[in-house]
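Good morning, colleagues. Today I would like to walk you through the charged pairs and a surface feature of one protein model. Please look at the sequence and the structure as I put them up.

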Amino acid sequence: WNNMKLSSLSRSEFIVALIRAVYFFLIFMIDIVDAIVDVILGIDTAINGSSGEKGYGVFLGTMTVMARIFAGIYSLGNSKLQDRDQIFTFFYMETTVFMIEDGAAILFVASNPSLSGDILTTVSIWLTAVCGLSYILHQIHRLVFKVITKYWANREWMVVMLPLIISITGPIFMMYILFQEVHLKRDDDHDHDHDHDEPFSRSGITKRDAFILYGFGSLGAGYFSKRQSLVFLP
């Protein structure tokens, strides 16, 4: 991309390049807005929330800042990679950021169903859903059409595919919590005209297990995000 001249592209290649550029720009902007909303939501809850909610506000704000620091560290080393590797490691990094930051936002809302009707919380929920689906679907697409087709004939496929699968397992789990404990529960409450259920009453997963899996998922995604810049990159 850095050395590519637009004049050398065919019309179809130019359209594809433009679509990809717009896609990455939109993802970047949504991700930034999501982070800002999560920080504001965390600070507001930590200050103005009830005694049971303040801790979750601190948790959300802290994890969002940590995720942004992780993204900043990544950007410092990203310029040293080749163009094709930058896109690959970018989405590895973003799945890690999603796991740390948006995973915390999901646990925040799932643990406090009474806050899910607030405007700020609603915005956070939908931005989280868009980011999560974008990163997960991109990694699945890369897994199917890039990794498997390139490395299936030799033993290298396990070196690349296994970390890729592990890196998206956590985000998929968090998206399951988001839809089960937030989106679908809100629909049930609206249809049956009753108050919000107790936290984690729909997914069959306890709050403790959700937080434990969140921790392991964040560590796993972070480890493989760092490691993939040092191994075979499709």
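**Salt bridges and a nonpolar patch**

The structure holds three salt bridges. Please bear in mind that this is a predicted model. As general background, side chains of opposite charge can pair when their charged atoms come close.

Let me begin with Asp31. This residue forms a salt bridge with Arg68, and the closest N and O atoms are 3.2 Å apart. Asp31 belongs to helix α1 and Arg68 to helix α2, which spans residues 51–78, so the pair ties together parts that are 37 residues apart in sequence.

Now to the second pair. Arg68 also forms a salt bridge with Glu101, where the closest N and O atoms are 2.7 Å apart. Glu101 sits in helix α3, residues 83–111, and Arg68 in helix α2, so this contact ties together parts that are 33 residues apart in sequence.

Taken together, Asp31, Arg68 and Glu101 are linked in a network of salt bridges.

Are the members of this network buried or exposed? Asp31 is buried, with a relative accessible area of 4%. Glu101 is buried as well, at 0% relative accessibility. Arg68, at 23%, counts as partly exposed, because buried means under 20% relative accessible area.

The remaining pair is Arg208 and Asp209, whose side chains meet in a salt bridge with an N to O distance of 3.8 Å. Here Asp209 is partly exposed at 30% relative accessibility, while Arg208, at 61%, counts as exposed, because the cut-off for that class is over 50%.

I turn now to the surface. Which residues form a nonpolar patch there? The members are Phe14, Ile15, Leu18, Ile19, Val22, Phe25, Leu26, Phe28, Met29, Ile32, Ile36 and Ile40, and together they have about 1,100 Å² of accessible area.

Let me take Leu18 as one example from this patch. Leu18 is found in helix α1, which covers residues 11–48. With a relative accessible area of 45%, Leu18 is partly exposed. Why can Leu18 belong to a patch? Patch members need over 30% relative accessible area, so the 45% of Leu18 satisfies that requirement.

To close, I return to helix α1: Asp31 of the salt-bridge network lies in this helix, and so does Leu18. Thank you for your attention.

Methods
Residues are numbered from 1 along each chain as its sequence is written. This is a predicted model: local features need pLDDT of at least 70, side-chain atom pairs count only at pLDDT 80 or more; totals for chains, interfaces and linings use all residues. Side-chain values use heavy atoms; hydrogens and water are left out. Patches are made of residues with over 30% relative accessible area and no salt bridge: like charges are joined within 9 Å, nonpolar side chains (Val, Leu, Ile, Met, Phe, Trp, Tyr) within 5 Å. Accessible areas come from the Shrake-Rupley method with a 1.4 Å probe; for residues, only the protein chains shown count as cover. A salt bridge is a side-chain nitrogen of Lys or Arg within 4 Å of a carboxyl oxygen of Asp or Glu. Helices (H or I, at least four residues) and strands (E, at least two) are DSSP runs, numbered from the N terminus. Buried means under 20% relative accessible area, exposed over 50%, partly exposed in between (1.4 Å probe, protein chains only).
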